[in-house]
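Please find below a colleague's note on this model, set out as numbered points. The points take up helix pairs, the ligand site, a tryptophan and the backbone in turn.

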Amino acid sequence: MSNSSLVWFRQDLRQADNAALAAAAAKGPVIPVYILDNETPGEWRWGGASRWWLHHSLQKFAAKIPLVLKRGRSEIVLEKLLRDSGAKALHFTRDYAPWSAALEQRVKALCDRLGVACHRHGGFLLHEPETIRNGMGEVYKVYTPFSRACFAKGDPPPARPVPQLSFAVAPSGDDLAAWNLTPQKPDWAAGFLENWQPGEAGAQQALVKFLDDALAHYAEGRDRPDKNFTSRLSPHLHWGEISPRQVWTATRQAMAAAHGRLDAGGEKFLKEVLWREFSYHLLHLFPQLPDQPFKAEFADFPWIEDRAVLKTWQKGQTGFPIVDAGMRELWATGIMHNRVRMIVASFLVKDLLIPWQRGARWFWDTLVDADIASNSASWQWVAGCGADAAPYYRIFNPVLQGQKFDPDGDYVRRWIPELSDVPAVSIHAPWEMSNTPRAYPKPMLDHGAARTRALQALKDMKRNLE
Ligand code: FAD
């Protein structure tokens, strides 16, 4: 067993285009391991929907390779595994969460102590955070020049196929069911499997379906929650069931094969994939991103803490149909369309003046794609306190947003049965109908007044800074 290597899987639950797995496999037998570490991330341990996804993804992965499941602090588990197995090398994919740099250093020190070769690989991102810098050698804080710099680097090299694998005899691991990752009473995730197919095969299917059916409509259709014109790849990318390089390369190939017909959709889609990169580069620059405003002055913003109001928003009972549809979609499926995420987030931080961190927390617990970089950066973007953010004074009107992006009301009707009979003309402001649907709540506030209050709060923050 002397030439065996331990492969520590993290958010790279795939066999293809996995540099860590390929490097280990090239050297000899492999011991694949996944560690459920609830301690190192502290309060950012996986939320409920993430745990649901993780369960199904690990189940699929373990059906393909003899994955050893262990629970505990990563470096303690790794030490025991390395000692028990006699593996001569450890391979893993780099992770960029705020606690990961220190963890990876501790793991390196552990390997040095045990005389085990330690190899960290890339692959979760297209570009390592250290490699995209402006002319001054600084990290980009604005998305557009960042994305230009990424495009200027050219397309990534082709993705790697699944390597030839042999497996070493491994120490025994846990039973996945014993981890209790899926909810039982109540089983709030009952509807999730209708919507998702976690795992590497599901990720590839989602990619192919998107490129075949939706890419052609992506440029003009991606903002429409009533249509299926986005890829739904975010949870697969988050868990590394597919690499951004596989997504990039397949998109480029589809564009080339379509002789220009897919160029508009393809370019727009690749730019969105770069928002994910941008979020990670920002997190690397500012590891406090999940908790603290990037623009420090927002620490003094006069937010209002109100649990009852927060709950009304969480439950989709605000009385604003597009907001409530989004929150109910999230609860039922673990996902929410990007445009609707912007609308519900704006409603929380501007109409309700609830701190953005409360919304980000709720998303962390309920999204199957909950991602420490994209979620934090996006909430800060909406709240106006992020690096390259929408200005706080730009406040979404939920009625106009609904009318523009769900013009027939199909999205709202799908998620709010109380409004199933309301015609398109009234669907985004049902309180204006003479026979207002009784089962649906009245709007919890007057948007015009809320807007004025939000702008005043911004003024107050600025005055306090003078
Ligand atoms: P597509 O439109 O098909 O885009 C392709 C891929 O590009 C996505 O899968 C995703 O990886 C990436 N991407 C697209 N838009 C963004 C963006 N604005 N920021 C970062 N990456 C992006 N995305 C997450 O993956 N996890 C989160 O926790 C998350 N939280 C968000 C919170 C708020 C308040 C907002 C406004 C956005 C959030 N997003 C988050 C970004 C975006 O909403 C999702 O990535 C997108 O809706 C996923 O659907 P899709 O895969 O069909 O996207």
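1. By how much are K80 and D84 separated in helix α3? K80 and D84 are 4 residues apart in helix α3 (residues 74-85), and that places them about one helical turn from each other; helices here are DSSP runs of H or I of at least four residues, numbered from the N terminus. Their side chains meet in a salt bridge with an N to O distance of 2.7 Å, where a salt bridge is a side-chain nitrogen of Lys or Arg within 4 Å of a carboxyl oxygen of Asp or Glu. K80 is exposed at 52% relative accessibility; in these terms buried means under 20% relative accessible area, exposed over 50% and partly exposed in between, with a 1.4 Å probe and protein chains only.

2. A word on the basis of the values is due before going further. The model is predicted, so that local features need pLDDT of at least 70 and side-chain atom pairs count only at pLDDT 80 or more, while totals for chains, interfaces and linings use all residues. Residues are numbered from 1 along each chain as its sequence is written, and side-chain values use heavy atoms, with hydrogens and water left out.

3. Two further lysine-aspartate pairs deserve a look. In helix α4 (residues 100-114), K108 and D112 lie 4 residues apart, about one turn of the helix, and they form a salt bridge in which the closest N and O atoms are 2.9 Å apart; K108 is partly exposed, at 38% relative accessibility. In helix α7 (residues 200-221), K209 and D213 are likewise 4 residues apart, about one turn, and their side chains meet in a salt bridge at 3.5 Å, N to O. Of this pair, K209 counts as exposed at 55% relative accessibility, whereas D213 is partly exposed at 47%.

4. Over the whole structure, a search finds 25 salt bridges. Side chains of opposite charge can pair when their charged atoms come close. A network of salt bridges links E39, R73, E75 and R106.

5. Turning to the ligand, 26 residues surround it, and those that come nearest are Y218, T230, S231, R232 and N338; a residue is taken as near if one of its heavy atoms lies within 4 Å. An N or O atom in the side chain of T230 is 2.7 Å from an oxygen atom of the ligand, and a polar side-chain atom of S231 lies 2.6 Å from a ligand oxygen atom. R232 instead offers a backbone N or O atom, 2.6 Å from an oxygen atom of the ligand; a polar contact is a pair of N or O atoms within 3.5 Å. The protein buries 94% of the 820 Å² that the ligand exposes when taken alone, accessible areas coming from the Shrake-Rupley method with a 1.4 Å probe.

6. Which elements give two or more residues to the shell around the ligand? They are α8 (234-238), α10 (263-285), α13 (338-351) and α15 (372-383), and α10 supplies the largest share, with 6 residues. By residue class, the shell divides into 12 nonpolar, 8 polar and 6 charged residues.

7. Is W379, in helix α15, buried or exposed? W379 is buried, with a relative accessible area of 2%. Not counting residues up to four places away in sequence, W379 touches W313, A345, L348, V349, W356, G359, A360 and F363, contact meaning heavy atoms within 4.5 Å. W379 and S346 are 33 residues apart in sequence, and their C-alpha atoms are 8.9 Å apart in space.

8. Three backbone features should be checked by eye. Most residues other than glycine have a negative phi, and most peptide bonds are trans. K185 and P186 are joined by a cis peptide bond with omega of about -5°, and P186 is found in the loop between α5 (143-152) and α6 (192-195). R232, in the loop between α7 and α8, has a positive phi of about 55° although it is not a glycine, and R232 is partly exposed at 32% relative accessibility. H259, in the loop between α9 (244-257) and α10, also is not a glycine and has a positive phi of about 50°, and H259 counts as exposed at 73% relative accessibility.

Technical notes: Polar contact = N/O pair within 3.5 Å; in protein donor to acceptor, adjacent residues only side chain to side chain. Nonpolar A, V, L, I, M, F, W, Y, C, P; charged D, E, K, R; others polar.
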